[in-house]
Amino acid sequence: MSGANDLRDRLTDGLYGLGWSTVRKLPEPVAAGLGRRIADLAWKRRGTSVLRLESNLARVVPDATPERLAELSKAGMRSYMRYWMESFRLPTWSKERVEDSVDIKDVHRLKDGLASGRGVIVALPHLANWDLAGVWATRALGVPFTTVAERLKPETLYDRFVAYRESLGMEVLPHTGGAAFGTLARRLRAGGLVCLVADRDLSASGTEVTFFGDTARMPGGPAMLAQQTGALLLPVTLWYDDSTVMKGQVHAPVDVPESGTRAEKTSVMTQALADAFATGIADHPEDWHMLQRLWLADLEERGADRAEGSRS
């Protein structure tokens, strides 16, 4: 079994390596067309990820007909592949190209927060292209930032992602290991910028929130960092439209409640993040790249399926 896993890991790493080395060399219309073809093929196969995306979208758009859900999941896979095609090519983009490819509303909230010297935490959901938004921050705003990355399998693939993001001007910390929180806090106390994708809990010990009418868990780290450091906490949502420019919105800051325990404050603040995320996702559901289980009911269902399988 381990041999099969090793082979799968090597194949996965090789495919991503091919993407980074080859896609960036293609003419842009060719790369975009390739992304759409791959997306449509994956959508037609109706694999686990596509079915999960459709199930998640059914919660976001509860009155959608099966035909509408199919349209949304197809558009969602195209959006997801646009993210990959852009990301493979980002290292070759000039500062001017990056500036011309991103349009963020109310960016003064981010700029004013950084100018104040108090540090800023940007929290985003998996909408559109968060890597492009990061490159825009480093190149267009000239602001380096620190982020956290999930440890991927195989390890060589994780190393590729870290090297890729560091080449774009990001400081990348591993999600596991326990040292990330302290480093993030130090960066914020120095007036720095921390960007965290925060709509999916990776620790199984996150903060429960109400999200599209049901209970999910999201990481409490952004709220706890804001409490501990006094940094400004800003939700940001992103989306694509029919143009080549990715759009975004910097939402109003999430304030630390004046009363309550640390856990109570974290709960209130994480719920406020979830509400801001839900606004952006509801407006642009096809750009939410959530191909995994998120809601507790779905996670419990998977656990029950595993338990049933172990007994059979």
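Where two helix axes meet at an angle under 35 degrees they count as roughly parallel, over 145 as roughly antiparallel, from 65 to 115 as roughly perpendicular, and at any other angle as oblique. In this predicted model, helix H2 (residues 28–45) and helix H4 (residues 66–89) pack at an angle of about 140°, and they are therefore oblique to each other. The protein chain that holds this pair has 312 residues, of which 47% are buried, and its secondary structure comes to twelve helices and nine strands. Among the contacts in the chain between residues at least 6 apart in sequence, 76% join residues that are at least 24 apart.

**The packing of H2 and H4**

- Two packed helices are described by the angle between their axes together with the distance between those axes.
- For H2 and H4, the axes lie 8 Å apart at the angle of about 140°, and the crossing of the two helices is right-handed.
- On the H2 side the contact is made by Glu28, Ala31, Leu34, Gly35, Arg36, Ile38, Ala39, Asp40, Ala42 and Trp43, while H4 contributes Ala70, Ser73, Lys74, Met77, Arg78, Met81, Met85 and Arg89.
- Sorted by character, the residues of this contact between H2 and H4 are ten nonpolar, two polar and six charged.
- Asp40, which is found in helix H2, has a relative accessibility of 14% and so counts as buried, the cut-off for a buried residue being under 20%.
- When residues up to four places away in sequence are not counted, Asp40 touches Lys74 and Arg78, and both of these appear among the H4 residues that make the contact with H2.

**Helix H11 and what covers it**

- Helix H11 (residues 262–283) has 22 residues, which at 1.5 Å a residue should span 32 Å, and this agrees with its end C-alpha atoms, which are 32 Å apart.
- The buried residues of H11 are Lys265, Thr266, Met269, Thr270, Gln271, Leu273, Ala274, Ala276, Phe277, Ala278, Gly280 and Ile281.
- Both helices and strands cover these buried residues of H11, including helix H3 (48–60) and helix H10 (221–229), along with strand E2 (120–124), strand E6 (207–211), strand E7 (214–218) and strand E8 (232–239).

**Loop residues with a positive phi**

- Asp106, found in the loop between strand E1 (102–105) and helix H6 (108–116), has a phi near 55°, which is a positive value in a residue other than glycine.
- With a relative accessible area of 31%, Asp106 is partly exposed.
- Ala128, found in the loop between E2 and helix H7 (130–139), likewise has a positive phi in a residue other than glycine, here near 50°.
- The relative accessibility of Ala128 is 0%, so Ala128 counts as buried.

**Leu141 and its surroundings**

- Leu141 is found in the loop between H7 and strand E3 (145–149), and at 24% relative accessibility this residue counts as partly exposed.
- Leaving aside neighbours within four places in sequence, Leu141 is in contact with Leu110, Lys111 and Trp136.
- Leu141 and Glu99 are 42 residues apart in sequence, and their C-alpha atoms are 9.1 Å apart in space.

Notes
Residues numbered from 1 in each chain as written. Predicted model: local features only at pLDDT ≥ 70, side-chain atom pairs only at ≥ 80, totals over all residues. Heavy atoms only, no water. Axes fitted to C-alpha atoms, helices over the stretch in contact; angles between N-to-C directions. Helix = DSSP H or I, 4+ residues; strand = E, 2+ residues; numbered from the N terminus. Left-handed = near helix turned anticlockwise from the far one by under 90°. Contact = heavy atoms within 4.5 Å. Nonpolar A, V, L, I, M, F, W, Y, C, P; charged D, E, K, R; others polar. Expected span 1.5 Å × (residues − 1). Buried < 20%, exposed > 50% of the residue type's maximum accessible area, 1.4 Å probe, protein only.
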